[in-house]
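Work through the following exercises with the sequence and the model in view, and attempt each task before reading its solution.

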Amino acid sequence: MRAAIKFLSAGYAAAIYAFIFLPVIVLVVFSLQSTAFPIPPFTGPSLRWYKAVLGDARLTSALANSLLVAALSSFIAAALGFLAAWGFARFTLPGSALLRGLITLPLTVSYLIIGMGLLVLFNWAGLPKSLTAAGIGHVVINLPLCFAIIYSQMGDHQINIERAARDLGAREWQVLTMVTLPIMWPAIFASLFLSMTFSWDEFVISFLLTRFDTTLPVEIWNLLRSGLNPKTNAVGSMVFGVSVLLAIAFELILLRRKPA
Amino acid sequence: MDRALPWALVGPALLWTVAFFVLPFLAMGLLSLTSQDGGGLTFANYAQFFTDPSYYRALTNSLEVTALVTVISILLAYPFAWILAEQVPERWQRLALLLAVLPFWTSYVVRSYSWLLVLAEQGVINDALTGVGLVAEPVQLANTRTATIIGFVHFFVMLLTLTIFASLKQLSPSYRKAAADLGASPLRVFVHVILPLTLPGIMVGAFLTFVLAIGDYITPQILGGNNELLMPQLIMMQIGRRGDFPLASALSLILMAVVTVAYIACARWLKIERA
């Protein structure tokens, strides 16, 4: 009985792993294709399509745009989220629960609808499509997340530490920079990291709100219109590689922080 | 203490939410009551959605696909999460879990494209099937509802494995021991102890799956094609091809209402509270 369960478990887990990794493996293998179609038979290995990606000015500038939008929008989202979390956790505000609900509300709305709303609003206001517009949208989707993560980590013992700091003569900004920020750093880091990944990967808001200068997912989407193409495999594999490195780095940093 | 300080702290986040979330909503609401052809306020866009089958079919398609995806993903992910939590030795669990969600980090667009490579007419699966001689002609897999569902399930199995694994790990082993000591068979322990205790985790995962799947444009557009439209595809089509913003706004709000109903149904599992 025991052995049978072990055997079935191993088989089932192997099948799920295979399902999970199948598309990724196909993506990476056929990015090394030397001919023009990423379908069997495999004709590589060749780095031809990676060279093509690096030589494509539109893809490389989209990559730079994506990094810029991800960095700026997640910084703004984490900063606003942190300040709001601090305010709500430390002070009793009238209608606090309602206001907190308002800040977290965008979490329950599809990106498509948030993007549509901004498109309608910016259209009315006469604002042109731009990377800034997409960045504003990314803050809208990430702010509730940052707020929820940081707010959930603000416990009562931290209030006491802050009180002690004030009693010892620290000014409000000193409490913030020398006590609260260091204590809350893991939560802030986690929310920054998550925001960056979401912004980096976000498609539909950028698609709706940018025009010529756009982000990497939208540029990859444009590539897709030409059908199956090993160049798409190559750029996809590169994005995957970067994301995996980031995920591993995140895991290692979190693991190191565990004992604290 | 300065009275303005708390508002200075929470103000920026509130203002941002009002300006770029609430206001767009109101704008969409107002616009949805106008017509592209001008004229006064009208419910024509909503009427069109509820009377024209080619429109409301998109919503029923979306609901069917999302429900199927949610159920299949839970059924696949639960045993997998259980194996990771119970059968894999403790020191390997983190690695096993990290591996299981690694493709989660691929870009969304790229992930759907990868499945297209696998499912295409000359793709890997058809190549294998015809190579073995199982089928004579390639099977149509891409541009079908099945392809959309496969693409979705792939993503949500990973997400649900994470949430279910977390709730399984939070269970104290003493519950199971106590039930077993009182004479319950392994099956009864599972049905009466483990399953009810992990239900909140499942519900959170199911809700996330529902919300993310029903609002997604990429997966159905790349894998399902235009044979059968889902709600997000219908919305994008209004702005892309026809430039009909009022109708697109109305459709967005209808989709939003459906998600809100799901949210209310799951609300008791979804509380965000301070630790």
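**Exercise 1: a bent helix**

The buried residues of α9(B) pack against α3 (53-86), α7 (145-170), α11 (231-242) and α12 (245-266) of chain B, where helices are DSSP runs of H or I with at least four residues, numbered from the N terminus, and packing rests on contacts, that is, C-beta atoms, placed from the backbone, within 7 Å. This is a predicted model, in which local features need pLDDT of at least 70 and side-chain atom pairs count only at pLDDT 80 or more, while totals for chains, interfaces and linings use all residues. Residues are numbered from 1 along each chain as its sequence is written, and chains are lettered from A and ligands numbered from 1 in the order in which they are written.

Task: identify the buried residues of α9(B), and then establish where the helix bends.

Solution. Begin with burial, which requires 20 or more other C-beta atoms within 10 Å of a residue's own, whereas 12 or fewer make it exposed and counts in between partly exposed. By this criterion the buried residues of α9(B) include Thr198(B), Gly201(B), Gly205(B), Phe207(B) and Ile214(B). Next, compare lengths: a straight helix of 29 residues would span 42 Å at 1.5 Å a residue (taken times one less than the number of residues), but α9 (residues 186-214) of chain B spans only 37 Å between its end C-alpha atoms. Finally, locate the bend, the angle between axes fitted to the seven residues ending at a position and the seven starting there: α9(B) bends by about 45 degrees at Leu199(B), with a proline, Pro200(B), following within four residues.

**Exercise 2: a loop residue of chain A**

Task: decide whether Val109(A) is buried or exposed, and find which residues it touches.

Solution. Val109(A) lies in the loop between α4 (96-104) and α5 (111-125) of chain A. Val109(A) counts as buried because 23 other C-beta atoms lie within 10 Å. Leaving aside residues up to four places away in sequence, Val109(A) touches Ile114(A) and Met256(B).

**Exercise 3: the contact between the chains**

Task: describe how many residues each chain brings to the contact, and what kinds chain B supplies.

Solution. Chain B contributes 65 residues and chain A 73 residues. On the side of chain B, helix α1 (residues 4-32) gives the most, with 16 residues. That side divides into 50 nonpolar (Ala, Val, Leu, Ile, Met, Phe, Trp, Tyr, Cys and Pro), four charged (Asp, Glu, Lys and Arg) and 11 polar residues (the others, Gly among them). As for confidence, the predictor gives the complex an ipTM of 0.85 and a pTM of 0.86.

Definitions and conventions
Two residues are in contact if their C-beta atoms, placed from the backbone, lie within 7 Å. Helices (H or I, at least four residues) and strands (E, at least two) are DSSP runs, numbered from the N terminus.
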